[in-house]
Amino acid sequence: MTDVLIPTALIANPTTFGGTTVGDCKRGTPAIRDGALFALAPPVGGDVRMIIPPLVEAHCHLDKCHTIARLGQVGGDLRHAIQRQTDDKHNWIEDDIRGRALHGLGEAQANGCRAIRTHVDWGDTAAPPLSWSVLLECAEDTPDLQLAALTGITQWADPGFADKLGQILDLSGGVAGAFLLGHDDMQAGLDNIFATAKRHGLMLDFHVDEGLGEYNGLEAIADTALATGFTGPILCGHAVSLMDRSADDFARIADKCARAGITICTLPITNLYLQGRTDGTPDRRGITRLHELRAAGVKVAVGSDNVGDAFCPLGAHDPRAALALASVMAHLDPPLGEWLPAITTDAATALGQKPVTVDGAQLSDLLTCDVAHTADLIAGRAPLRPATETLA
């Protein structure tokens, strides 16, 4: 049997799993029992293939994706993108939303994703938008598809809105979400969204501080989480403004995030496209402080975010591609296997799911890739295939 390589960061108990350490991986011959990979026997030499858990798409927008063909020559900063995408919503009829969402889902699944969280623009009232209903139907055939209601944080400040939306999310298994960017009156909204999440047992997901500048949304979320004793999963996407905080500010905010159990999801493709715009070539990097967050004990995830829409005309629902770009722009040097939890196990935990590690996993829960180095895996130099096709 061909040897396999397993990134050590994706093994729950690497010291007892067997195999030989090769860089950031364990190498050996897979020992399979009752359809599960339970150990590595000594390697036999020759060619290898890599084994990993399924990927996680922690942050995307299936209601917006693949609209670029009808948007014309769109481009600009975040606020311009919001306006252009809003202008397109007259096209969001049922067949249009379903067709684009299924295209995005198929793309993510072909790229190795199982758990997927999509944000859904909610609108001005607590009544569900059409896209919510359509994506709920899609979720019936995709059990690991999660829907997060994307609203403004000030909408949550209305107790009636918070109560009605909380009931809807409870009944539909949705995630409570909100957008925070320099709002002066966000605390009432944060108080209500946390109270609603506690009352209904909801997970929380925020678009926060999606811009360069000294915004304060992330710290306010962490403060509220700590003050309320909230223990459910909290995912905060973007957090770009951490790039502009002082060392003391960052240390204080990161410590709060770690204590609150917040995961930060970096979204490099869209943030690079939208942030730091000037009249010419930008000289700023639209990404959060990945190295420093991880050193402070904060879990990080990486997501694809917008794909082929007003926020980013390019991209794909492919966490490997997002992590590859993050590696380039944030100088995530080898051993790159240490960052794979950001698109697998840590990302799954941030979505409230039990993470799949390779040791003890059923082959049906694993993927293989014909590469011999984690850099080649992240670079996408070979497709991901079900382990049942190559190891069973």
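# Exercises on a predicted model

The structure holds four aromatic pairs (Phe, Tyr or Trp rings, the six-membered one for Trp, with centres within 6.5 Å). This is a predicted model: local features need pLDDT of at least 70, side-chain atom pairs count only at pLDDT 80 or more, and totals for chains, interfaces and linings use all residues. Residues are numbered from 1 along each chain as its sequence is written, and side-chain values use heavy atoms, leaving out hydrogens and water.

**Exercise 1. Classify the ring pair Phe194 and Phe206, and place both residues.**

Step 1. Take the ring centres: they are 6.1 Å apart.
Step 2. Take the planes: they stand at 25°, so the pair is stacked. Planes under 30 degrees apart count as stacked, over 60 as edge-to-face and the rest as tilted.
Step 3. Place the residues. Phe194 lies in helix α6 and Phe206 in strand β10, so the pair ties together parts that are twelve residues apart in sequence. Helices (H or I, at least four residues) and strands (E, at least two) are DSSP runs, numbered from the N terminus.

**Exercise 2. Describe how α6 packs against α7.**

Step 1. Recall the principle. Two packed helices are described by the angle between their axes and the distance between the axes.
Step 2. Apply it. The axes of α6 and α7 (residues 217-228) come within 10 Å and cross at roughly 45°. Axes are lines fitted to C-alpha atoms, for helices over the stretch in contact, and angles run from 0 to 180 degrees between N-to-C directions.
Step 3. Name the arrangement. The angle makes α6 oblique to α7. Angles under 35 degrees count as roughly parallel, over 145 as roughly antiparallel, 65 to 115 as roughly perpendicular and the rest as oblique.
Step 4. Give the hand. The crossing of α6 and α7 is right-handed: the near helix is turned clockwise from the far one by less than a right angle, where anticlockwise would be left-handed.
Step 5. List the contact (heavy atoms within 4.5 Å). From α6 come Gln187, Leu190, Asp191, Phe194 and Lys198; from α7 come Ala220, Ile221, Thr224, Ala225 and Thr228.
Step 6. Sort these residues: five are nonpolar, three polar and two charged. Ala, Val, Leu, Ile, Met, Phe, Trp, Tyr, Cys and Pro count as nonpolar, Asp, Glu, Lys and Arg as charged, and the others, Gly among them, as polar.

**Exercise 3. Do the same for α5 and α6.**

Step 1. Helix α5 (residues 159-172) packs on α6 (residues 187-200) at about 35°, with the axes 10 Å apart.
Step 2. This crossing is right-handed.
Step 3. Residues of α5 in the contact include Gly166 and Asp170, and those of α6 include Asn192 and Arg199.
Step 4. The contact residues divide into two nonpolar, five polar and three charged.

**Exercise 4. Work out the strand order of the sheet and find its edges.**

Step 1. Eight strands form an open, parallel sheet: β6-β7-β8-β9-β10-β11-β12-β13. Two strands pair if DSSP finds at least two bridges between them.
Step 2. Look at the ends. β6 (55-60) and β13 (300-302) each have a single partner strand, so one side of each lacks a neighbour in the sheet.
Step 3. Add the twist: it averages 25° from one strand to the next.
Step 4. Check one pairing. Five bridges join β10 (residues 204-208) to β11 (residues 234-238). Asp205 has Leu235 as its bridge partner in β11.

**Exercise 5. Locate two backbone features, at Pro335 and His66.**

Step 1. Recall the background. Most residues other than glycine have a negative phi, and most peptide bonds are trans.
Step 2. Pro334 and Pro335 are joined by a cis peptide bond, with omega about 10°. Pro335 is in the loop between α11 (319-329) and α12 (345-350).
Step 3. His66 has a positive phi, near 60°. His66 lies in the loop between β6 and α2 (78-87).
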